[in-house]
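Q: Please take a close look at one part of this predicted model, the second largest pocket, and set it in its surroundings. What lines the pocket, and how is the neighbouring sheet put together?

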Amino acid sequence: ADLGAMPNRTSFIETGRLVVINYGKDNGKLGLILDICDSMTCLIDGPDIKRGIINFRRLAVTDIKIPIKRSLKSSTLLKLWESADISGKFAKTSWGQKIARQKIRANLSDFDRFKVKVLKRQKALILKKKVSELKKK
């Protein structure tokens with residue numbers, strides 16, 4: 001196989017890489033890889049999660065990487081997390097914005113969902129009128 005044709009990948013499993021847990025009780029929470037244990041697991045820690053070993057299949061790797069030493073203490077990690085504004089960096093990505101939208105949608109009341117439906121209907125009507133005007137021209 002031609003190695004030059006391989007896609008350029010920027011997010012590798014490595015120490016200091018920001019990950020999103022995609023399975024289990026911590027689903028959707030952010031963590032940082034502190035150490036690679038073996039070919040299937042790594043040690044992760046974060047402000048919202050308990051430090052522990054987790055399988056790679058339960059992680060989604062982001063492009064954000066922080067230069068850290070292996071097996072950093074939790075207290076040092078939390079200071080680094082705040083100073084590097086990791087949560088803020090992730091919130092600015094399209095992935096972070098999508099997760100924020102999903103959380104807002106999940107907490108809507110019945111009346112809020114109704115208001116969203118009415119607004120979508122109004123938007124569709126405006127678009128339909130605009131498209132028909134452009135077709136007539």
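A: Strand E4, residues 52-55, gives the largest share of the lining of the second largest pocket, with 3 residues. The model is a predicted one. The volume of this pocket is about 200 Å³. Its lining consists of Ile21, Tyr23, Gly24, Lys25, Asp26, Ile44, Ile49, Lys50, Gly52, Ile53, Ile54 and Arg58. Sorted by class, these residues divide into 6 nonpolar, 2 polar and 4 charged.

E4 also belongs to an open sheet of 5 strands, whose order is E4-E3-E2-E1-E5 and whose pairing is antiparallel. E4 and E5 (59-65) are the edge strands, and each has a single partner strand, so one side of each has no neighbour in the sheet. From one strand to the next, the twist averages 45 degrees. As a general point, strands of a sheet pair through backbone hydrogen bonds, in either a parallel or an antiparallel way.

The pairings can be taken in turn from the E5 edge. E1 (residues 17-21) and E5 run antiparallel and are joined by 4 bridges. In this pair, Arg17 has Lys65 of E5 as its bridge partner. Helix H1 (residues 74-84) packs on the sheet, where it touches E1, E2 (30-36) and E3 (41-45). The direction of H1 makes about 130 degrees with that of E2.

E1 pairs with E2 over 3 bridges, again in the antiparallel sense. Here Val19 stands opposite Gly31 of E2. E2 is mostly covered, with 6 of its 7 residues buried. E2 and E3 run antiparallel and are joined by 4 bridges, and the connection between the two strands is a hairpin through 4 residues. Asp35 has Leu43 in E3 as its bridge partner.

The largest pocket can be set beside the one described above. Its volume is about 230 Å³, and 13 residues line it. Gly28, Leu30, Asp48, Phe90 and Lys103 are the lining residues nearest its centre. Helices H2 (86-92) and H3 (94-106) each supply at least two residues of this lining. H3 provides the largest share, 4 residues. The largest share thus comes from a helix in the largest pocket, whereas in the second largest pocket it comes from strand E4. By class, the lining of the largest pocket has 6 nonpolar, 4 polar and 3 charged residues.

Two loop residues deserve a note on backbone geometry. Most residues other than glycine have a negative phi. Ser71, in the loop between E5 and H1, has a positive phi of about 50 degrees although it is not a glycine. Ser71 counts as partly exposed because its relative accessibility is 37%, which falls between the limits of 20% for buried and 50% for exposed. Asp85 lies in the loop between H1 and H2, and its phi is also positive, near 50 degrees. With a relative accessibility of 41%, Asp85 is likewise classed as partly exposed.

Notes
Residues numbered from 1 in each chain as written. Predicted model: local features only at pLDDT ≥ 70, side-chain atom pairs only at ≥ 80, totals over all residues. Heavy atoms only, no water. 1 Å grid on protein atoms, 1.4 Å probe; cavity = no way out; pocket = protein on both sides within 12 Å on 5 of 7 lines; lining within 4 Å. Points joined across faces, edges and corners; volume = space filled by probe spheres on them. Nonpolar A, V, L, I, M, F, W, Y, C, P; charged D, E, K, R; others polar. Pairing = 2+ DSSP bridges. Axes fitted to C-alpha atoms, helices over the stretch in contact; angles between N-to-C directions. Contact = heavy atoms within 4.5 Å. Buried < 20%, exposed > 50% of the residue type's maximum accessible area, 1.4 Å probe, protein only.
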